[in-house]
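Trainee: I'm new to this structure and would like to zoom in on a single part. Please pick one helix and walk me through it and its surroundings.

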Amino acid sequence: MAKRNSAELKRLARQFLMGNYTLFILAALITLILPAALLSPFAANAAPGTLNFSMVTYYIAAFIISILSELLSAGVIHLHMQTARRQPVSLVDLFWTFRNRPDRFILAVILKALLVLPPAAPLIIFSFTAADIHAVSSYVIFFALTLLFLIFAVIISLTYSLVYPLYMDHAELSVTEGFQLSRTLMHGNKKRLFTLYLSFLGWALPGVLSLGVGMLWIRPYMTQTITNLYLDITNQLDPPPEHIDATISDEAARFL
């Protein structure tokens with residue numbers, strides 16, 4: 001299995017993005033603006049702190065639109081995978097997941113949320129049952145539970161980070177098989193991905209300081225680099241781009 005370091009994955013990302021940045025900036029804008037625009041009419045009528053028809057409608061709309069947002073995010077990954085493979089791409093490809101078994105991606109969103117619930121349960125229960133939430137001991141317990149939740153949430157996120165690209169490469173995979181295969185492939189690679197995320201912290205700071213405008217350039221670079229890691233893990237960066245096949249590692253092949 002190939003093991004390119006972060007510097008090489010980033011170099012390839014810059015190479016792949018050359019000449020395609022306008023497309024990815026437009027894709028980033030759509031994934032940010034479209035869900036917000038769809039939700040804004042519901043938010044305008046919702047009154048925080050009250051449970052009425054408008055508020056219930058808002059929560060339902062927010063849930064549906066969050067799934068739409070995830071489908072668009074998966075579409076962005078598809079764009080990056082095609083770009084790495086030197087395939088022609090257009091803005092239409094952003095909506096690839098809507099045309100190719102979107103049920104798997106929708107169920108994956110729900111399953112990911114369910115996986116995070118158990119580690120979140122102690123924190124939620126404590127928040128509602130603590131006798132004196134303002135006591136120093138309560139703050140300490142709350143901080144400790146929050147830290148534990150974040151650790152588990154990061155581990156879960158890293159473990160199942162390959163689910164979307166696996167669905168794109170393998171139409172025969174069921175929802176649960178995608179999760180199992182991602183867990184198999186990420187064994188020994190979670191640290192690589194976590195380190196890769198950390199390496200972008202220096203880039204994120206100017207992006208935030210520019211009121212988010214800089215993130216329009218940084219986000220494609222980061223996503224392409226992480227997509228390259230998936231392609232590296234599955235041995236798809238080794239062949240010449242024009243001869244790339246959607247192959248998987250021997251370990252994954254034994255799984256299937």
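Mentor: Let's follow one helix, the loop after it and the core it helps to build. A quick word on the ground rules: this is a predicted model, where local features need pLDDT of at least 70 and side-chain atom pairs count only at pLDDT 80 or more, while totals for chains, interfaces and linings use all residues. Residues are numbered from 1 along each chain as its sequence is written, and side-chain values use heavy atoms, leaving out hydrogens and water.

Our helix is α3, residues 53–84; helices here are DSSP runs (H or I, at least four residues), numbered from the N terminus. Its 32 residues span 47 Å from first C-alpha to last, close to the expected 46 Å, a figure that comes from 1.5 Å times one less than the number of residues.

After α3 comes R86, in the loop that leads on to α4 (96–99). R86 isn't a glycine, yet its phi is positive, about 60 degrees. Most residues other than glycine have a negative phi. With a relative accessible area of 40%, R86 is partly exposed (buried is under 20%, exposed over 50%, partly exposed in between, with a 1.4 Å probe and protein chains only).

Now turn to the largest nonpolar core, with 48 residues: buried Ala, Val, Leu, Ile, Met, Phe, Trp, Tyr and Cys joined through side-chain atoms within 4.5 Å. α3 gives the most to this core, 10 residues. F105, Y164, Y167 and M168 have the most contacts inside the core. Leaving aside residues up to four places away in sequence, F105 touches L71, A74, W96, T97, N100, Y164, Y167 and M168 (contact means heavy atoms within 4.5 Å).

Technical notes:
Helix = DSSP H or I, 4+ residues; strand = E, 2+ residues; numbered from the N terminus.
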